[in-house]
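Reader: Hello! I have a chain open in my viewer and would like to talk through its surface and its charged side chains with you.
Author: Gladly, let us look at it together.

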Amino acid sequence: MAAYPYDRLVTEDEYRQRIRRHRPSSLLRLIAAAATRYGSPEHPQPWLKSRR
């Protein structure tokens, strides 16, 4: 099985539609998991330094 269900880029509108299908509280666990995976001091992300 592929890591992602789609083998193409997802448009911003499609992304919004998918996110809005779920209650915000159900996404918190996934957001926390992504934050720990991508937000480590060993692998800093450039967008974290952005002021925007």
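Reader: Which residues make a nonpolar surface patch of about 260 Å²?
Author: Happy to start there, with the reminder that this is a predicted model. One member of the patch, Tyr15, is found in helix H1. Tyr15 counts as exposed because its relative accessibility is 51%, and exposed means over 50%. The patch of about 260 Å² is made by Val10, Tyr15 and Ile19.

Reader: Thanks! How many helices and strands does the chain have?
Author: Helix H1 covers residues 12–20. For the chain as a whole, the count is two helices and zero strands.

Reader: What share of the accessible surface belongs to carbon and sulfur atoms?
Author: Let us take burial before surface. Buried residues make up 6% of the 52 residues in the chain. The accessible surface comes to about 5700 Å², and the share belonging to carbon and sulfur atoms is 58%.

Reader: Now for the charges. Is Glu14 buried or exposed?
Author: Glu14 lies in helix H1. Its relative accessible area is 19%, and the cut-off for buried is under 20%. Glu14 therefore counts as buried.

Reader: Which residues are linked with Glu14 in a network of salt bridges?
Author: We can build this up one pair at a time. The side chain of Glu14 meets that of Arg8 in a salt bridge, at 3.0 Å from N to O, and Arg8 is partly exposed with a relative accessible area of 44%. Glu14 also forms a salt bridge with Arg18, at 2.7 Å from N to O. The residues linked with Glu14 in the network are Arg8 and Arg18.

Reader: How many residues apart are Glu14 and Arg18 in helix H1?
Author: A polar contact of 2.7 Å joins the side chains of this pair, Glu14 and Arg18. Both residues lie in helix H1, and their spacing is about one turn of the helix, that is, four residues.

Reader: What is the distance between the closest N and O atoms in the salt bridge of Glu12 with Arg16?
Author: Glu12 and Arg16 are separated by about one helical turn, because they are four residues apart in helix H1. Glu12 counts as exposed at 53% relative accessibility, whereas Arg16 counts as partly exposed at 36%. In their salt bridge, the closest N and O atoms are apart by 2.5 Å.

Reader: Lovely. To finish, how many salt bridges are there in the count?
Author: We have already met several of them, including Glu12 with Arg16 and Glu14 with Arg8. The pair of Glu14 and Arg18 is another one of them. With a side-chain nitrogen of Lys or Arg required within 4 Å of a carboxyl oxygen of Asp or Glu, the count of salt bridges comes to four.

Conventions:
Residues are numbered from 1 along each chain as its sequence is written. This is a predicted model: local features need pLDDT of at least 70, side-chain atom pairs count only at pLDDT 80 or more; totals for chains, interfaces and linings use all residues. Side-chain values use heavy atoms; hydrogens and water are left out. Buried means under 20% relative accessible area, exposed over 50%, partly exposed in between (1.4 Å probe, protein chains only). Accessible areas come from the Shrake-Rupley method with a 1.4 Å probe; for residues, only the protein chains shown count as cover. Patches are made of residues with over 30% relative accessible area and no salt bridge: like charges are joined within 9 Å, nonpolar side chains (Val, Leu, Ile, Met, Phe, Trp, Tyr) within 5 Å. A polar contact is a pair of N or O atoms within 3.5 Å; within protein, one must be able to donate a hydrogen and the other to accept it, and residues adjacent in sequence count only if both atoms are side-chain atoms.
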